[in-house]
Amino acid sequence: MVTTHRAERVERLHRAELTLTMVNGARPAEVQITEDIVRGLLRAQCPSLADRALAPFNNGWDNDIWALGDDLLVRLPRREAAANLVLNEQRTLPVLAPRLSMAVPVPVHAGKPQDVYPWHWSVVPRFAGARAAESSLIDAEAEAVRLAQFLRELHVPAPDDAPTNVFRGGGITSRNETFEATVDPWSTATGGSADAARQVWRNAVNTPGWGDASVWLHGDLHAANIVVDAGHISAVIDWGDVCSGDPACDLAVAWMLFDADARDVFFGAYGEGSPGLHDRARGWALLFALVYWRASEGDPLMDVMSRTVLGRVLPD
C-alpha cells in the first residue's frame with residue numbers, strides 16, 4: 001500500500017522553484033510528533049479509531065505519516081506552512097469526490113489543533129497498490145481514457161473561493177524565470193539539448209493563454225501521486241496543492257504516464273479544449289521534469305521521473 005502523502009518531497013517541489021535549491025532528506029520538524037501525541041489526538045477527537053494499531057509510516061518534507069491499522073493513515077503537518085495544505089484537502093475533497101470516477105483520499109476524520117499539537121491533521125484512506133512511477137499499466141491506452149475522463153470530471157469551473165496557488169494555477173508564462181534558471185544547468189550536467197528544450201518552451205509560452213473560466217486542478221499531478229493496483233490506476237492522491245486555473249498544468253501528466261500512442265488516446269478522450277492546450281501541457285511537463293532533475297540528487301525516484309518525462313517531451 002502507499003500513503004496518501006508518500007511523495008512529500010515531490011509535492012513541495014514548487015517551493016524549491018523559488019530558489020532552485022533542494023535539501024535532500026526531510027527538514028528538521030517544527031514540532032516533534034510522537035506516538036503519545038498521535039494517540040492522544042485520536043482519543044480526544046476520534047475515539048472510535050483510537051485503539052487501532054499505530055506505527056510510524058513515513059516522515060516527509062512537510063508531514064509525519066502514521067499507519068493506523070491496515071487501511072488508514074494519520075497525516076500530521078510537521079511545519080506551519082503545510083497546515084494550510086491539509087485544510088485544502090479537508091475542505092475540497094468532500095466536494096470534489098462525489099463526481100470523480102477514481103478514488104481520492106477524502107479524510108475519514110478532519111482533525112483540529114489541540115493542546116501540544118497546533119495544526120489541523122487528518123485520518124485518510126490507505127490505498128492498495130504502488131506509485132505509477134514504480135508500476136506498469138496492463139493497457140496504457142485504456143488507462144489513458146480512464147484518466148482523461150477523470151480529469152474532465154475534475155476540470156469544471158471552480159468557485160471564486162477555491163484555493164489559489166501562484167505556482168500552478170497561473171499561466172505558464174509565469175514560470176519563465178524558473179525554466180531559464182534550470183535549463184542551462186541541466187544541459188551542462190547531463191548533455192541534454194538546451195536548444196531543444198527552449199523550442200518546446202517557446203511553443204508553450206507563445207500559445208494563447210487559457211481564456212475560459214478557471215477550473216478545478218489537482219495542482220501536483222505526477223507519477224508519484226497516482227496509485228496503480230494490479231496494472232490499473234486505482235487512486236489519485238496528494239491533493240494539498242488543489243487550486244483553480246489553466247488545466248494544462250494537470251494535463252502534463254500525459255507525458256509522465258504515457259508513450260506517444262497512449263498520449264494521443266489521452267488527448268483524444270480529453271478533448272482539444274482551448275487553442276494551444278496541448279503545447280502548454282507539454283511545456284508544463286518539461287518544466288516539471290527539469291525541477292525533478294534539480295531534486296534528483298540522492299533520490300532515485302526523482303531521477304527516474306525526470307528522465308522519463310524528458311525522454312518523452314523532447315524531440316529525438
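**Exercise 1. The three-stranded sheet**

Task: Work out the strand order of the open sheet that holds β6, β8 and β9, and find its edges.

Solution.
Step 1. Three strands make up this open sheet, in the order β6-β8-β9, with antiparallel pairing. The model is a predicted one.
Step 2. Look for strands with a single partner. These are β6 (130-131) and β9, so each has one side without a neighbour in the sheet.
Step 3. Check the pairing of β6 with β8. Two bridges hold these antiparallel strands together. Ala130 faces Val228 of β8 across the pair.
Step 4. Check β8 (residues 226-229) with β9 (residues 232-236). They run antiparallel and are joined by four bridges. Here Val228 is opposite Ile233 in β9.
Step 5. Add the helix. α5 (residues 140-154) lies across β8 and β9, at about 25° to β9.

**Exercise 2. Two positive phi values**

Task: Locate Ala230 and Asp238, and decide for each whether it is buried or exposed.

Solution.
Step 1. Recall the usual case. Most residues other than glycine have a negative phi.
Step 2. Take Ala230. Its phi is positive, about 55°, although the residue is not a glycine. Ala230 lies in the loop between β8 and β9. These two strands form a hairpin with two residues between them.
Step 3. Test the accessibility of Ala230. The value is 61%, so Ala230 counts as exposed; the cut-off is over 50%.
Step 4. Take Asp238. Its phi is also positive, near 60°, and it too is a residue other than glycine. Asp238 sits in the loop between β9 and β10 (243-245).
Step 5. Test the accessibility of Asp238. At 1% relative accessible area, Asp238 is buried; the cut-off is under 20%.

**Exercise 3. The five-stranded sheet and its helix**

Task: Trace the order of the five-stranded open sheet, name its edge strands and place α4 against it.

Solution.
Step 1. The order is β1-β2-β3-β5-β4, and the pairing is antiparallel.
Step 2. β1 (54-59) and β4 (109-111) are the edge strands, each pairing on one side only.
Step 3. From one strand to the next, the twist averages 25°.
Step 4. Examine one pair. β2 (residues 63-68) and β3 are antiparallel over six bridges. Within this pair, Asp64 stands opposite Leu76 of β3.
Step 5. Place the helix. α4 lies across β2, β3, β4 and β5 (121-125), at about 140° to β3.
Step 6. Find the residue leading on from β3. Arg78 is in the loop between β3 (72-77) and α4 (80-96). Its relative accessibility is 9%, so Arg78 counts as buried.
Step 7. Relate Arg78 to Phe127. They are 49 residues apart along the chain, and their C-alpha atoms are separated by 22 Å.

**Exercise 4. Two helices against α11**

Task: Classify how α6 and α7 are oriented to α11, and give the handedness of each crossing.

Solution.
Step 1. Start with α6 (residues 176-190) and α11 (residues 277-294). They pack at an angle of about 60°, with axes 10 Å apart.
Step 2. Classify. The angle falls outside the parallel, perpendicular and antiparallel ranges, so α6 and α11 are oblique to each other. The crossing is left-handed.
Step 3. List some of the contact residues. On α6 they include Phe179, Val183 and Trp186; on α11 they include Leu286, Leu290 and Trp293.
Step 4. Turn to α7 (residues 194-205). Its axis comes within 8 Å of that of α11, and the two cross at roughly 135°.
Step 5. Classify again. α7 and α11 are therefore oblique to each other. Their crossing is left-handed.
Step 6. The contact on the α7 side includes Val200, Trp201 and Asn203, and on the α11 side Arg280, Gly283 and Leu286. Leu286 and Leu287 of α11 also appear in the contact with α6.

**Exercise 5. Cysteines**

Task: Count the disulfides and explain why Cys249 is not bonded to Cys243.

Solution.
Step 1. Apply the cut-off: the sulfur atoms must lie within 2.5 Å. The count is zero.
Step 2. Cys243 is in no disulfide; its nearest cysteine sulfur, in Cys249, is 6.5 Å away.
Step 3. Seen from Cys249, the closest cysteine sulfur is that of Cys243, and 6.5 Å is too far for a bond.
Step 4. Check burial. Cys243 is buried at 0% relative accessible area. Cys249 is buried at 2%.

Conventions. Residues numbered from 1 in each chain as written. Predicted model: local features only at pLDDT ≥ 70, side-chain atom pairs only at ≥ 80, totals over all residues. Heavy atoms only, no water. Pairing = 2+ DSSP bridges. Buried < 20%, exposed > 50% of the residue type's maximum accessible area, 1.4 Å probe, protein only. Axes fitted to C-alpha atoms, helices over the stretch in contact; angles between N-to-C directions. Parallel < 35°, antiparallel > 145°, perpendicular 65-115°, else oblique. Left-handed = near helix turned anticlockwise from the far one by under 90°. Contact = heavy atoms within 4.5 Å.
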